[in-house]
Amino acid sequence: MMGHALLGASSAHRWIACTRSARLEEQVPDATSDAAAEGTLAHTLAEAKVRHYYYPADLSKRKLSGLVKKMKADPLWQDEMDGYTDDYLDYIKAAALAFDQAPYVMLEKKVDYSVYAPEGFGTADCILIGGGTLHIIDFKYGKGVQVSAVDNPQLSLYALGAYATYRMLYPIRDIKMSIVQPRLDNISEWGCSLDDLLAWAVYVKERAALAWDGQGEFAPGEDTCRFCRIRAQCRAWSDYNVKQAFDIGELPPLITAQEAGERLTALEGLVQYQKDLQAWALSECLAGNTVPGWKAVEGRSVREWTDMEAAFKTLKENDIDEAMLYEKKPLTLAQVEKVVGKKEFAEIAGGYVMKPPGKPTLVKEIDKREAITNKETAAEVFKEER
Ligand code: SF4
């Protein structure tokens, strides 16, 4: 088990932009969540599959099957994990085939980038090296936020760490980085030259020195603050949100579409910020501290059976018809897919699945889906006229 580095690679996008965040976050313990535990389970499976494929002597088929069996007993296991981790393995196989000669494959490799950021280290999911190319591949099981490999500081720090370790053994000229996020159907790839990476490292080294000393500036923003552990209390983030909500400047009678777009973007983080602040204020009230204007109370609760089996037995004994007590409901399509497993579901029941057009929804321009309008196309008008 490794601890977390103060200047961790996964939080690099934050401490590089907001150098004050690293030392402030130290004050708040890293909370675990089901999503994080689920991610760890999926990573373990993904690593095992890739290790078995490239290093069967280290992890035989029998050992892999034993491990999968054990994992299936975990309450966080989902059959769909199997398909998503297959996607990751398939991507690595294809990436390795793109090398002129079979690359050196490293899995769950600890990389040390402390030359650039004090005490900096992290664990790269997969590193391929060969033919002058260093390829960093990161598996993301989360589906909350789509992650891009472009200019990705986490992967760049892994690349710097891998370069520092392997530069004497392998000539490296080009850097490739990939994010494999199968639950969002997201494969993001990016590349740069080693020179570009090392030029970026000079900048990172300066930012890391400030972050290590708790110096520099706050840089509140949606991407920076989204997962910052101190965000509920951070004044800079609080001021930023309040500004978005209230500092609206001039008040023209009607806003333009341009302004609507800008304001929607600006207000995005406000709702989440309110939730974060409420959670923190609740913990303060529960700890016996005063948050003026607010208090903690018992929320509304729903009645529960103390012993459902006994209750139903008694009801039936008292002539309540069994048909009145139970309802038989099919699982939703998504639930069936989850229990059956993605691949098997597609094979068995895929022919019965259709996807009607979804309700029009407003999303950010970078969303992959095609834009729709209610305007008739020339082809549709022509068809109607005919
Ligand atoms: S909440 Fe945002 S502004 Fe405040 S310390 Fe964290 S990253 Fe910086």
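Here's a quick tour of a sheet, two helices that lie across it, and a ligand site. Keep in mind that this is a predicted model.

Let's start with the sheet. It's an open one, built from 5 strands in the order E1-E2-E3-E4-E5, and the pairing is mixed. E1 (104–112) and E5 (186–193) are the edge strands: each has a single partner strand, so one side of each is left without a neighbour in the sheet. Going from one strand to the next, the twist averages 25°.

Now zoom in on the E4 and E5 end. E4 covers residues 172–181, and its pairing with E5 is antiparallel, over 8 bridges. Across this pairing, Asp174 stands opposite Ser193 in E5, while Ile179 has Ser188 in E5 as its bridge partner. The hairpin of E4 and E5 has 4 residues between the strands, and Asp185 takes a positive phi near 55° there.

Two helices lie across the sheet strands, as the table shows.

| Helix | Residues | Lies across | Angle |
|---|---|---|---|
| H3 | 34–54 | E1, E2 (121–130), E3 (132–139) | about 135° to E1 |
| H5 | 80–97 | E2, E3, E4, E5 | about 175° to E3 |

What about the ligand: where does it sit? You'll find the ligand in the largest cavity. The residues surrounding the ligand include Arg14, Cys18, Ser21, Phe218 and Pro220, and also Thr224, Cys225, Cys228, Ile230, Arg231, Cys234 and Trp237. How many residues of the shell around the ligand are nonpolar, polar and charged? The shell divides into 8 nonpolar, 2 polar and 2 charged residues.

Methods. Residues are numbered from 1 along each chain as its sequence is written. This is a predicted model: local features need pLDDT of at least 70, side-chain atom pairs count only at pLDDT 80 or more; totals for chains, interfaces and linings use all residues. Side-chain values use heavy atoms; hydrogens and water are left out. Two strands pair if DSSP finds at least two bridges between them. Helices (H or I, at least four residues) and strands (E, at least two) are DSSP runs, numbered from the N terminus. Axes are lines fitted to C-alpha atoms, for helices over the stretch in contact, and angles run from 0 to 180 degrees between N-to-C directions. Contact means heavy atoms within 4.5 Å. A residue is near a molecule or strand if one of its heavy atoms lies within 4 Å of it. On a 1 Å grid over the protein atoms alone, a cavity is a set of points where a 1.4 Å probe fits but cannot get out, and a pocket is an open set with protein on both sides within 12 Å along at least five of seven lines; lining residues have an atom within 4 Å of a point. A molecule sits in a cavity or pocket if more than half of its atoms lie within 2 Å of its grid points. Ala, Val, Leu, Ile, Met, Phe, Trp, Tyr, Cys and Pro count as nonpolar, Asp, Glu, Lys and Arg as charged, and the others, Gly among them, as polar.
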